[in-house]
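Biologist: I should be grateful for a guided reading of this model, feature by feature. Please give the general idea each time, and then the case at hand.

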Amino acid sequence: MFDRDGDVVTVKSWIKEGIKWQVGDVLEPETIEALRPQDIVIASNFLCHMPPLMAESCLRNIARLVRPYGYLFVSGIDLDVRTKVADVLGWHPVQELLEEIHEGDLCMKTFWPWHYAGLEPLNKKRRDWKRRYAAAFQLLPCDKKTSDWVNLDISPKVTATTESTPETRTKSYLRAQ
Ligand SMILES: C[S@@+](CC[C@H](N)C(=O)[O-])C[C@H]1O[C@@H](n2cnc3c(N)ncnc32)[C@H](O)[C@@H]1O
């Protein structure tokens, strides 16, 4: 993917071709407004560095970038935050390769539960596992609900967390066992 020159790596020209690069803060509504709605949006490995309420607000902001029926990929985020926003906004969790994607980042798994960015092991005993562990979502227009599409047998509303520590993460995980 890259050309290397000493310590500097540059994205290969054939990959850069046809891509418009823009830099912005996705916490700012102006950044979202400056970009047109897209078919696919990827939010990877940065929401976990924000406190939960900020990550939630940011994720809602990012979701505005996705065209109706488009796809949003979100990884590297507190799972309570992702599950809550997906639930409240009625996102359809894509089931294809769900386990492979969740289990794919070995580095994040080794952090759990002691590091805030650690990734909880996939737990099929949770009623909401098909939503909680999905990293890909299809975003539906406001008048459509996930339940119109498919019965995922997912739990009622999850509660918001304002604090995420090794203790709260472990307790939440054990409660679901
Ligand atoms: C850990 S790196 C992840 C890079 C890449 N997305 C990945 O998954 O490998 C976090 C990146 O998120 C960017 N970032 C953090 N907060 C941001 C924000 N509010 N708006 C836009 N980018 C942000 C940082 O500049 C940094 O490049």
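Modeller: Helices and strands here are DSSP runs, of at least four residues for a helix and at least two for a strand, numbered from the N terminus. Tyrosine 69, for example, is found in strand S4. Please keep in mind that this is a predicted model.

Biologist: How many helices and strands does the protein have?

Modeller: The secondary structure comes to 9 helices and 6 strands. Of contacts between residues at least 6 apart in sequence, 71% join residues that are at least 24 apart.

Biologist: How should I read the pairing of strands, and what is the order of the strands in the open sheet?

Modeller: Two strands pair if DSSP finds at least two bridges between them. In this protein, an open sheet of 4 strands runs in the order S3-S4-S6-S5, and its pairing is mixed. S3 and S5 are the edge strands, since each of them pairs on one side only. S3 (38–44) pairs with S4 in the parallel sense over 6 bridges, and alanine 43 has valine 74 in S4 as its bridge partner. S4 (66–75) and S6 (136–138) pair in the antiparallel sense over 3 bridges. There, leucine 72 has phenylalanine 137 in S6 as its bridge partner.

Biologist: Which helix joins S3 and S4 in a β-α-β unit, and is the unit right-handed or left-handed?

Modeller: The helix is H3, and the unit that S3, H3 and S4 make is right-handed.

Biologist: In which sense do S1 and S2 pair?

Modeller: Strand S1 (residues 2–5) and strand S2 (residues 8–11) pair in the antiparallel sense over 4 bridges. Arginine 4 stands opposite valine 9 in S2. The hairpin has 2 residues between its strands, and glycine 6 in this hairpin takes a positive phi near 65°.

Biologist: How should I judge a positive phi, and which residues other than glycine show one?

Modeller: Most residues other than glycine have a negative phi, and most peptide bonds are trans. Asparagine 45 nevertheless has a positive phi of about 60°. Asparagine 45 lies in the loop between S3 and H3 and counts as partly exposed, because 14 C-beta neighbours fall inside 10 Å. Tyrosine 69 likewise has a positive phi, near 75°, and is exposed, with 12 other C-beta atoms within 10 Å.

Biologist: Which peptide bond is cis?

Modeller: The bond from tryptophan 112 to proline 113 is cis, with omega near 0°. Proline 113 is found in the loop between helix H6 (106–111) and H7.

Biologist: Let us turn to the interior. Which residues have the most contacts inside the largest nonpolar core?

Modeller: In soluble globular proteins, nonpolar side chains tend to be buried together. In this protein, the largest nonpolar core has 24 residues, and Leu47, Leu59, Ile62 and Phe137 have the most contacts inside it. S3, H3, S4, H4 and S6 are the elements that give two or more residues to this core. H3 supplies the largest share, 5 residues. Setting aside residues up to four places away in sequence, isoleucine 62 touches Val26, Val41 and Ala43. Over the protein as a whole, buried residues make up 24% of the 177 residues.

Biologist: Why is helix H4 described as largely enclosed by the rest of the structure?

Modeller: A residue is buried if 20 or more other C-beta atoms lie within 10 Å of its own. In H4 (residues 79–88), 7 of the 10 residues are buried, so the helix is largely enclosed by the rest of the structure. Those buried residues are Leu79, Asp80, Val81, Arg82, Thr83, Val85 and Ala86. They pack against several elements, including helix H3 (52–63), strand S4 and strand S5 (92–93). Just after H4, glycine 90 takes a positive phi of about 70°.

Biologist: Finally, which residues surround the ligand?

Modeller: The ligand is surrounded by Asp25, Val26, Leu27, Ser44, Asn45 and Phe46. This shell divides into 3 nonpolar, 2 polar and 1 charged residues. Two of these names have already appeared: Val26 is touched by isoleucine 62, and asparagine 45 has a positive phi.

Note on methods
Residues are numbered from 1 along each chain as its sequence is written. This is a predicted model: local features need pLDDT of at least 70, side-chain atom pairs count only at pLDDT 80 or more; totals for chains, interfaces and linings use all residues. Two residues are in contact if their C-beta atoms, placed from the backbone, lie within 7 Å. A residue is near a molecule or strand if its C-beta atom, placed from the backbone, lies within 6 Å of it. Ala, Val, Leu, Ile, Met, Phe, Trp, Tyr, Cys and Pro count as nonpolar, Asp, Glu, Lys and Arg as charged, and the others, Gly among them, as polar. A nonpolar core is a set of buried Ala, Val, Leu, Ile, Met, Phe, Trp, Tyr and Cys residues joined through C-beta atoms within 7 Å. A crossover is right-handed if, with the strands pointing away from the viewer, the path from the first strand over the helix to the second runs clockwise.
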